[in-house]
Amino acid sequence: MGDKTWLPFRVLLLAALPPVLLPGAAGFTPSLDSDFTFTLPAGQKECFYQPMPLKASLEIEYQVLDGAGLDIDFHLASPEGKTLVFEQRKSDGVHTVETEVGDYMFCFDNTFSTISEKVIFFELILDNMGEQAQEQEDWKKYITGTDMLDMKLEDILDPIIKIASDVQLRLHLGIHQQHQVQTKQKWAHTNPA
């Protein structure tokens, strides 16, 4: 039926009802969900900031995916700088807080390690964001360089294939040029002028 998605009749009926007839529907807001994976070098600490409105819900889930001990120190602080969560040498955790207005800080600390880097995955789930959900800045756009490991094989495959074919072409060109030089040298030695 083309590109159209057909909904069952009951869903269409619910969508047609005014919000007053659906208890709780007027206050419903979808949650925002973001996840991120990064490498934290040995002896380093990385902090992130998430702006939040009043009476929203901020859930942070993290897990150490790779690195010796599979452990990390985790710190979550309120906009006033009050420590809400502090965990040492944990491999994972899930924390939910009801928010005040301001920027929440959460840090992953690998300063206790002198050798091993850690690969850390974390997910943010922001609920009850209201109309501010559209105004929230995407913290991912501030991460640059090699910190971002969220790449697909297809993203790197095309440049690698192009480089490989370029190298192969240059190799064949070099072999051809070497053959021509050897042929000229052979003719120069067999036919002295």
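I began with Tyr62 and looked up what it faces in S8: Tyr62 stands opposite Phe122. The model is a predicted one, and I read every entry below with that in mind.

**S3 and its two partners**

I then followed the strand pairing around that position. S3, residues 57–66, and S8, residues 118–127, run antiparallel and are joined by nine bridges. S3 also pairs with S6, residues 92–98; the two run antiparallel, and I found seven bridges between them. For a register point on that side I took Glu61, whose bridge partner in S6 is Val94. I kept in mind that side chains in a regular strand alternate between the two faces of the sheet.

**The open sheet**

Next I looked up the order of the four strands in the open sheet. The order is S2-S7-S4-S5, with antiparallel pairing. I noted S2 (45–52) and S5 (83–90) as the edge strands, each pairing on one side only. From one strand to the next, the twist averages 10°.

Within this sheet I checked S4, residues 72–77, against S5: the two run antiparallel and five bridges join them. I recorded one pair there, Leu76 with its bridge partner Val85 in S5.

**Lys118**

I asked myself whether Lys118 is buried or exposed. Lys118 sits in strand S8. It counts as buried because its relative accessibility is 1%, under the 20% cut-off.

I then looked for polar partners of the Lys118 side chain. One of its polar atoms lies 2.7 Å from the backbone oxygen of Asp71. I also found a polar contact of 3.4 Å between the side chains of Lys118 and Asn110.

I listed the residues that Lys118 touches, leaving out those up to four places away in sequence; among them are Phe38, Thr39, Leu40, Val64, Ile72 and Phe112. Asp66, Gly67 and Ala68 are also on that contact list, as are Asp71 and Asn110.

**Asp71**

From Lys118 I moved to Asp71, which lies in the loop between S3 and S4. Asp71 has a relative accessible area of 13%, so I entered it as buried. Beyond its neighbours within four places in sequence, I find Asp71 in contact with Val64, Arg89, Lys90, Ser91, Phe112 and Lys118. Val64 and Phe112 are thus on the contact lists of both Asp71 and Lys118.

**Val97**

Which residues does Val97 contact, leaving aside its neighbours within four places in sequence? I found Ala56, Ser57, Leu58, Leu76, Leu84 and Tyr104. Val97 lies in strand S6. I entered Val97 as buried because its relative accessible area is 13%. I also took the separation of the C-alpha atoms of Val97 and Leu84, which is 8.4 Å; the two residues are 13 apart along the chain. Leu76, another contact of Val97, is the residue I had already noted as the bridge partner of Val85.

**Whole chain**

Last, I looked up the totals. The protein chain has two helices and eight strands. From the N terminus on, I read the elements as α-β-β-β-β-β-β-β-β-α. Of the 193 residues in the protein chain, 26% are buried. The accessible surface comes to about 13900 Å², with 57% of it belonging to carbon and sulfur atoms. Among contacts with a separation of 6 or more, I noted that 77% are between residues 24 or more positions apart.

Terms used: Residues are numbered from 1 along each chain as its sequence is written. This is a predicted model: local features need pLDDT of at least 70, side-chain atom pairs count only at pLDDT 80 or more; totals for chains, interfaces and linings use all residues. Side-chain values use heavy atoms; hydrogens and water are left out. Two strands pair if DSSP finds at least two bridges between them. Axes are lines fitted to C-alpha atoms, for helices over the stretch in contact, and angles run from 0 to 180 degrees between N-to-C directions. Buried means under 20% relative accessible area, exposed over 50%, partly exposed in between (1.4 Å probe, protein chains only). Contact means heavy atoms within 4.5 Å. Accessible areas come from the Shrake-Rupley method with a 1.4 Å probe; for residues, only the protein chains shown count as cover. A polar contact is a pair of N or O atoms within 3.5 Å; within protein, one must be able to donate a hydrogen and the other to accept it, and residues adjacent in sequence count only if both atoms are side-chain atoms.
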